[in-house]
Amino acid sequence: MTRPTRNTDQGDKHMPIGIIGAGAIGQALTRRLVAAGQQVWISNSRGPDSLQSLSRALGPTLIPATVPDAAAQEIVILAVPWRQLPAAVKAADVDDWSGRIVIDTTNPLGPPDFKAADLGGRTSSEVVADLVPGASLVKAFNTLTPGVLGADPRTPAGRRVIFLSGNDAGANDRVARLIQHAGWAPIDLGALSSGGRLQQFPGGPLPTLNLLRET
């Protein structure tokens with residue numbers, strides 16, 4: 001059963017967001033969040049200098065950052081390929097992620113062979129949660145392609161749906177408000193063990209579904 005999300009975009013709409021990963025997903029989310037007025041600290045393994053052209057294109061609310069600086073924000077988005085997650089989290093240089101919300105956008109497969117990882121019966125986000133001890137982990141933004149994520153979520157037919165799940169209801173609520181402020185329509189699927197399984201690719205029924213909520 002899904003939990004309803006609050007119909008408000010207040011509260012976290014001006015909070016800086018850290019993004020670890022500046023590939024297709026990271027840049028798509030950056031464009032939408034910056035367009036919504038968020039300050040975004042974006043980072044990658046190559047360093048801030050490699051992100052200057054993106055910053056010039058999107059404006060002063062996009063800050064090229066080191067991975068530790070992006071990880072220092074209260075809401076941090078992990079947007080790196082599955083096999084690069086351990087290295088990316090290590091580069092963040094954080095021992096205790098308490099007080100942070102970490103948004104997991106990943107799916108448990110990737111290049112070069114795109115073979116699904118053996119998760120031992122767990123959801124991928126439950127595995128990711130072990131990499132960021134103390135964080136409130138929320139699964140989101142993993143079911144749509146970068147092109148769809150980066151497009152305007154407001155359409156004449158309604159707002160594009162973003163699914164989310166997590167074990168901390170308060171963190172889910174804050175991420176839902178952020179999603180709504182950026183123009184999407186959030187749907188909270190509940191805990192990682194259930195909702196995360198619905199979102200997971202491969203295996204879940206929700207990935208690639210491009211749904212609109214009527215306004």
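**Surroundings of Gln 199 and the largest pocket**

In this predicted model, a polar atom of the Gln 199 side chain sits 3.4 Å from the backbone oxygen of Phe 163. Gln 199 belongs to helix α8, which spans residues 192-199. With a relative accessible area of 0%, Gln 199 is buried, since the cut-off for that class is under 20%.

The neighbourhood of Gln 199 is worth a closer look. Once residues within four places in sequence are set aside, the contacts of Gln 199 include Lys 139, Ala 140, Asn 142 and Thr 143. Phe 163, the residue whose backbone oxygen faces the Gln 199 side chain at 3.4 Å, is also in contact with Gln 199, as are Leu 164 and Ser 165. Leu 189, Leu 206 and Pro 207 complete the list of contacts. Asn 107, for its part, is 92 residues from Gln 199 in sequence, while the two C-alpha atoms are 9.3 Å apart in space.

Attention then turns to the empty space in the model. The largest pocket has a volume of about 760 Å³. Helices α1 (24-35) and α4 (85-92) are the elements that each contribute two or more residues to the lining of this pocket. The largest share, three residues, is supplied by α4. Altogether 35 residues line the largest pocket, and those nearest its centre are Ile 25, Ala 79, Val 80, Pro 81 and Trp 82. Sorted by class, the lining holds 20 nonpolar residues, 14 polar residues and one charged residue.

Notes: Residues numbered from 1 in each chain as written. Predicted model: local features only at pLDDT ≥ 70, side-chain atom pairs only at ≥ 80, totals over all residues. Heavy atoms only, no water. Helix = DSSP H or I, 4+ residues; strand = E, 2+ residues; numbered from the N terminus. Buried < 20%, exposed > 50% of the residue type's maximum accessible area, 1.4 Å probe, protein only. Contact = heavy atoms within 4.5 Å. Polar contact = N/O pair within 3.5 Å; in protein donor to acceptor, adjacent residues only side chain to side chain. 1 Å grid on protein atoms, 1.4 Å probe; cavity = no way out; pocket = protein on both sides within 12 Å on 5 of 7 lines; lining within 4 Å. Points joined across faces, edges and corners; volume = space filled by probe spheres on them. Nonpolar A, V, L, I, M, F, W, Y, C, P; charged D, E, K, R; others polar.
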